Amino acid sequence: MRTLKQGQRWWPMALVALLAGCSSTPSHRGEEAAAFPDASQATMPEGVFVNVENLRKVAPGMTKHQLYDLLGAPHFSEGVFGVNTWNYIFDFRETDGQSFKCQYQVQFDEHHLAKAFYWKPESCKSLLEVHEPAPAPAPAPAPMATIRLSSDALFAFDSATLSAQGEARLAELLAQVQAASQIQNIMITGYTDRIGSDAYNEALSLRRAQAVRQYLAGHGVPAAAMLVEGRGKADAVVQCNDRNRARLIACLAPNRRVELKGSARTQA
């Protein structure tokens with residue numbers, strides 16, 4: 001074996017060659033750039049499947065021993081002394097079963113602690129992102145079936161004052177409304193028949209809707225959850241053309257009503 005004289009010592013040429021190989025390791029180029037080696041020169045150019053959870057644990061300040069425990073040995077012959085980069089080729093599986101490769105580089109500082117990490121292609125770093133499952137949407141409030149109450153059963157003729165019969169009817173309704181754990185946007189709409197002027201009928205229908213709201217609020221239904229509206233003769237349920245007034249009034253009774261509709265989330 002040939003030898004080389006250095007000072008008073010003789011060094012084997014093989015050791016000199018090894019040291020020369022170490023000095024040819026790509027140097028740290030700053031966090032804005034990384035020089036990746038040719039993948040075909042890797043000791044394992046086919047790559048290895050890596051534990052993604054281990055990759056997520058990699059962080060600046062780790063020693064080479066800690067990185068070795070997480071990722072294994074680097075996949076390139078990068079020398080022994082003064083190494084400031086480790087390079088890997090990692091395989092990942094697509095959802096369709098196909099695989100793809102990513103190059104991964106760790107750069108070390110002068111204390112041999114991990115300093116920076118790079119991917120080729122850079123898009124591979126998104127593999128480490130943790131995607132939290134989207135929160136389940138809150139159950140939609142169950143629609144409250146429209147409740148239609150006869151005005152004739154709630155009020156005396158041409159009156160917006162609840163009758164005893166009307167209060168009893170609302171007491172039955174109250175039990176149904178209070179069975180819900182949350183009341184949302186209950187619309188109370190009053191209607192009249194077509195007999196009389198539009199202005200008078202709209203005012204009467206509104207007063208009757210307000211009377212129903214006042215009763216329910218006085219018995220525990222949140223007042224803020226209830227809206228009132230008077231629509232007079234609008235949205236007629238039946239059409240009557242009888243010329244006899246008594247029969248016409250009787251025929252139009254379904255149009256004289258108070259409707260409650262909205263949404264309420266029932267208890268589980």
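In this predicted model, an open sheet is built from 4 strands in the order β3-β4-β5-β6, with mixed pairing. Strands β3 (48-49) and β6 (114-120) stand at the edges; each has a single partner strand, so one side of each is left without a neighbour in the sheet. Further in, β4 (residues 85-93) and β5 (residues 99-108) run antiparallel and are joined by 9 bridges. If you would like a spot to look at, F92 has F100 in β5 as its bridge partner. Helix α3 (residues 64-71) packs on this sheet, where it touches β4, β5 and β6, and its direction makes about 20° with that of β4.

The aromatic residues come next. The structure holds 8 aromatic pairs. Y88 and F90 form a stacked one, at 5.2 Å centre to centre with 20° between the planes. Y88 counts as buried because its relative accessibility is 0%, and F90 counts as buried at 0% too. F92 and W119 make a tilted pair, 6.2 Å centre to centre and 55° between the planes. Since F92 lies in strand β4 and W119 in strand β6, this pair ties together parts that are 27 residues apart in sequence. Both F92 and W119 are buried. One aromatic cluster takes in Y88, F90, F92, F100, Y104, F117 and W119.

Rings also meet charged side chains here. K64 lies over the face of F108, 4.9 Å from the ring centre, while the charged end of R257 sits over the ring of Y191, 3.7 Å from its centre.

What about the salt bridges? The count comes to 12 salt bridges, including these:

| Salt bridge | Closest N to O distance |
|---|---|
| D91 and K101 | 3.0 Å |
| D198 and K233 | 3.3 Å |
| E259 and R257 | 2.9 Å |

D91 lies in strand β4 and K101 in strand β5, so their pair ties together parts that are 10 residues apart in sequence. D91 is buried at 6% relative accessibility, whereas K101 is partly exposed at 44%.

D198 belongs to helix α6 (residues 198-218) and K233 to the loop between β9 (226-230) and α7 (245-251), so this pair ties together parts that are 35 residues apart in sequence. D198 is partly exposed at 41% relative accessibility, and K233 is partly exposed with a relative accessible area of 41%.

For the third pair, E259 is buried with a relative accessible area of 6%, and R257 is buried at 2%. Salt bridges with shared partners join R148, R257 and E259 into one network.

Notes: Residues are numbered from 1 along each chain as its sequence is written. This is a predicted model: local features need pLDDT of at least 70, side-chain atom pairs count only at pLDDT 80 or more; totals for chains, interfaces and linings use all residues. Side-chain values use heavy atoms; hydrogens and water are left out. Two strands pair if DSSP finds at least two bridges between them. Helices (H or I, at least four residues) and strands (E, at least two) are DSSP runs, numbered from the N terminus. Contact means heavy atoms within 4.5 Å. Axes are lines fitted to C-alpha atoms, for helices over the stretch in contact, and angles run from 0 to 180 degrees between N-to-C directions. Rings of Phe, Tyr and Trp (its six-membered ring) pair if their centres lie within 6.5 Å; planes under 30 degrees apart count as stacked, over 60 as edge-to-face and the rest as tilted. Buried means under 20% relative accessible area, exposed over 50%, partly exposed in between (1.4 Å probe, protein chains only). A charge sits over a ring if NZ of Lys or CZ of Arg is within 6 Å of the ring centre and within 35 degrees of the ring normal. A salt bridge is a side-chain nitrogen of Lys or Arg within 4 Å of a carboxyl oxygen of Asp or Glu.
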